[in-house]
Amino acid sequence: MGAVTDWSQAQESRKQGHRGMAHSEKAGYWGKALGDLRAVSHHSWMAARHMAVYGTTSRQLGAISVAERAWACKNPEAKMYGRPLTIEDHQNSPILADPYHLLDLSLVSDGGIAFILTTADRAKDRPKPPVYVLGQGFGEVSADLWWEKKNFTHMAVPRARDQAFGQAALALKDVNCCQFYDCFTAEVLFQLEDYGFCQKGEGGPFVESGAMGPGGSIPVNTSGGLLSCYHLGDLTGMAESIRQLRGEAGERQITDCDVVLTTGHGGELVSPGMCSIHTSTLLGRHQ
């Protein structure tokens, strides 16, 4: 079970003259003088690095926002339901931390999600069909050398991916949809590349082609994700994964959905730095 009151906290923070969630100043090297006051300021560096190395564009990042909004418009529970988005809307939204526009950032939400993890035997005669945990893995980016800057364009996917897929005895081609942790648009781009849906550096053209949106080759964040549905951390993707596997996703339901990849990350052991921990979970309709 998980619950957040981030939206309510943000309203209280606004009353005090701040913007965003509960306001706290950092001390020392990464304090106010360098502007590292919110997650967007130390995640934006990674998007900028990917642009510099691979030629990724802001419009391509915007294509991720547009795709996830298209999914959200198929989800009546999504905060952005009924509010379609164009690439021009993305490009015209204010830049908050270059190169991130407002519409590259995830939502702030109040809410809660709960699920029960039990044995297959106990689950088989419950009112709803069970969803099975097929494999799970964990990675930490600090296992690599930080000064090589690889962590600026890669996430800690390989170890987590190999553990999860190895346990499940599955391959990438077996995955019917993905629920990626998407606090910012570039995180989606990195994961598409690092899992192998496209080559490293090719994520921009891949998402621009419409591959992750409705009708695309690999549906991603079919609820609308953190960007357009609601932000309950890793549980946002978990809830949508379960609904897809149970066939409860309504208009956004993926046909014959048997296997879903859902991810999470966090940590930020060294600041500035994108979330350093990555988790990979494969859920299935069958054992």
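Start by selecting P99, which sits in the loop between β2 (95-97) and β3 (100-101). Keep in mind along the way that this is a predicted model. Now show the backbone from D98 into P99: that peptide bond is cis, with omega near 10 degrees.

Next, go to A169. You'll find A169 in the loop between α6 (157-168) and β6. What is its phi, given that it is not a glycine? A169 has a positive phi of about 55 degrees.

**The sheet**

Follow the chain into β6 (177-179), then bring up β5, β8 and β7 as well. Together they make an open sheet of four strands, in the order β5-β8-β7-β6, and the pairing is mixed. Which strands are at the edges? They are β5 and β6, and each of them pairs on one side only. Tilt the view to look at the twist, which averages 20 degrees from one strand to the next.

Zoom in on β6 and β7 (residues 259-266). These two strands pair in the parallel sense, over three bridges. To pick out a bridge, select C178 and look across to L261, its partner in β7.

Now add α10 (234-246) to the selection. The helix lies across β6, β7 and β8, and it runs at about 175 degrees to β7. Keep α10 displayed for the next two stops.

**The second largest pocket**

Turn on your pocket surface and go to the second largest pocket, with a volume of about 750 Å³. To centre the view, select F115, I116, L117, V131 and R246, which are the closest to its centre of the 27 residues in the lining. Which elements each supply at least two residues of this lining? Colour α5 (120-123), β5 (132-140), α10 and β8 (277-284) to see them. Of these, α10 gives the most, with five residues. If you colour the lining by residue class, you should get 17 nonpolar, five polar and five charged.

**The second largest cavity**

The structure holds two cavities of 30 Å³ or more. The stop here is the second largest, at about 60 Å³. Select Q179, F180, L226, T236 and G237: these lie nearest the centre of this cavity, out of 13 lining residues. Both α9 (225-228) and α10 supply at least two residues of the lining. Where does the largest share come from? It comes from α10, with three residues. Keep the class colouring on for this lining too: three residues are nonpolar, eight are polar and two are charged.

**A helix pair**

For the last stop, hide the rest and show α3 (residues 58-72) with α7 (residues 185-195). Two packed helices are described by the angle between their axes and the distance between the axes. Here the angle is about 95 degrees, and the axes are 8 Å apart. Since angles of 65 to 115 degrees count as roughly perpendicular, α3 and α7 are therefore roughly perpendicular to each other.

Add side chains to see who meets whom. From α3, select L61, I64, S65 and E68; from α7, select T185, A186, V188 and L189. Those two groups meet where the helices pack. Which classes make up this contact? There are five nonpolar, two polar and one charged residues in the contact of α3 with α7.

Terms used:
Residues are numbered from 1 along each chain as its sequence is written. This is a predicted model: local features need pLDDT of at least 70, side-chain atom pairs count only at pLDDT 80 or more; totals for chains, interfaces and linings use all residues. Side-chain values use heavy atoms; hydrogens and water are left out. On a 1 Å grid over the protein atoms alone, a cavity is a set of points where a 1.4 Å probe fits but cannot get out, and a pocket is an open set with protein on both sides within 12 Å along at least five of seven lines; lining residues have an atom within 4 Å of a point. Grid points are joined across faces, edges and corners, and a volume is the space filled by probe spheres set on the points. Ala, Val, Leu, Ile, Met, Phe, Trp, Tyr, Cys and Pro count as nonpolar, Asp, Glu, Lys and Arg as charged, and the others, Gly among them, as polar. Axes are lines fitted to C-alpha atoms, for helices over the stretch in contact, and angles run from 0 to 180 degrees between N-to-C directions. Angles under 35 degrees count as roughly parallel, over 145 as roughly antiparallel, 65 to 115 as roughly perpendicular and the rest as oblique. Contact means heavy atoms within 4.5 Å. Two strands pair if DSSP finds at least two bridges between them.
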